[in-house]
Amino acid sequence: GYLMDLAELFRVSVDALIGFSLRGSNADEEADRIEALVNRVPFEELQAEYEKALRKFPNHFRTVLRAASIWKRFGVMHQDEPGLRRALELYRHAVELISQNRDPEISEVSVRNEIAGCYASLKDYCKAVEEYKKNNLGGINDANIGLVQIWDERKPEEGILYIERAFLNNLSESATIMFGYIFYYLVTGDTARGIRAAEQAIGHLNRAKEDPDRRSFVDKLISLLYLLLAGIRDKAGQPGKAEEDLPLAG
């Protein structure tokens with residue numbers, strides 16, 4: 001009782017509190033053992049294993065988070081409301097334990113987005129959008145917000161604003177990746193591939209234009225690419241083709 005109360009207060013597992021390292025009593029070892037069973041045993045067995053581990057280590061972040069993901073997968077696959085509710089409960093507890101996290105690919109935002117996904121699966125779209133908006137750092141949830149609002153909440157005029165912003169952010173990221181490839185080929189001296197990469201990037205951006213006759217941010221990127229393409233052609237000994245590209249950069 002007393003140890004459990006202290007463990008709950010400090011958000012740690014009992015074994016961490018008293019320093020157990022005996023075989024079978026360490027929370028990390030137990031988590032490793034159960035994770036090794038994933039895709040090897042039925043969901044029901046995994047759920048039982050995690051629930052048993054949670055009774056022993058109720059405040060072990062990795063165990064709580066993995067258990068939540070198992071319950072969410074089960075709930076989504078079987079449209080099982082109790083399973084999704086259990087996942088929600090565990091994900092919320094994982095947020096409380098986030099200070100234990102050592103995985104750089106996991107953050108409080110990613111865990112909270114799982115909470116939003118649970119609400120969406122439960123068809124509680126208002127709460128799903130609310131959770132996505134709370135954690136919309138840098139617009140990372142714009143696409144999810146827009147999709148839920150347009151399709152599930154039937155609020156197209158609100159949702160399209162998020163979709164448009166998500167599209168522009170995605171386009172900017174895609175352009176950065178394209179320029180990265182082109183510069184890589186320039187630095188490594190592979191001008192032939194640099195030319196192909198620039199031409200492919202221009203084609204991709206032209207296809208992404210919503211209105212071919214209206215000037216937009218996409219046209220600025222295309223102009224930069226034509227300017228870069230002209231420079232690569234000149235470096236590759238194609239001055240005639242470079243001169244053809246320059247007017248298109250204007």
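Visitor: Hi! Where do Trp-71 and Phe-74 sit relative to each other along helix α5?
Guide: Hello! In this predicted model, Trp-71 and Phe-74 lie three residues apart in helix α5 (residues 61–78), so about one helical turn separates them.

Visitor: And are they buried or exposed?
Guide: Trp-71 is buried at 16% relative accessible area, and Phe-74 is buried too, at 13%.

Visitor: OK, new topic: how many aromatic pairs turn up in the whole structure?
Guide: The search finds four. One of them is Trp-71 with Phe-74, an edge-to-face pair with 6.1 Å between centres and 85° between planes.

Visitor: Which residues make up the aromatic cluster with those two?
Guide: Phe-43 joins Trp-71 and Phe-74 there, and the three form one aromatic cluster.

Visitor: Moving on to helix α10, how far apart are Phe-179 and Phe-183 in it?
Guide: They are four residues apart in helix α10 (residues 156–187), which means a separation of about one helical turn. Phe-179 and Phe-183 also form an aromatic pair, a stacked one: the centres are 6.1 Å apart and the planes differ by 25°.

Visitor: Why does that count as stacked?
Guide: Because planes under 30 degrees apart are classed that way, and this pair has 25°.

Visitor: How accessible are those two phenylalanines?
Guide: Phe-179 is buried, with 16% relative accessible area, whereas Phe-183 is partly exposed at 42%.

Visitor: Last one: what sits over the ring of Trp-151?
Guide: That would be the charged end of Arg-154, placed 4.6 Å from the centre of the Trp-151 ring.

Technical notes:
Residues numbered from 1 in each chain as written. Predicted model: local features only at pLDDT ≥ 70, side-chain atom pairs only at ≥ 80, totals over all residues. Heavy atoms only, no water. Phe/Tyr/Trp six-rings, centres within 6.5 Å; stacked < 30°, edge-to-face > 60°. Helix = DSSP H or I, 4+ residues; strand = E, 2+ residues; numbered from the N terminus. Buried < 20%, exposed > 50% of the residue type's maximum accessible area, 1.4 Å probe, protein only. Lys NZ or Arg CZ within 6 Å of the ring centre and 35° of its normal.
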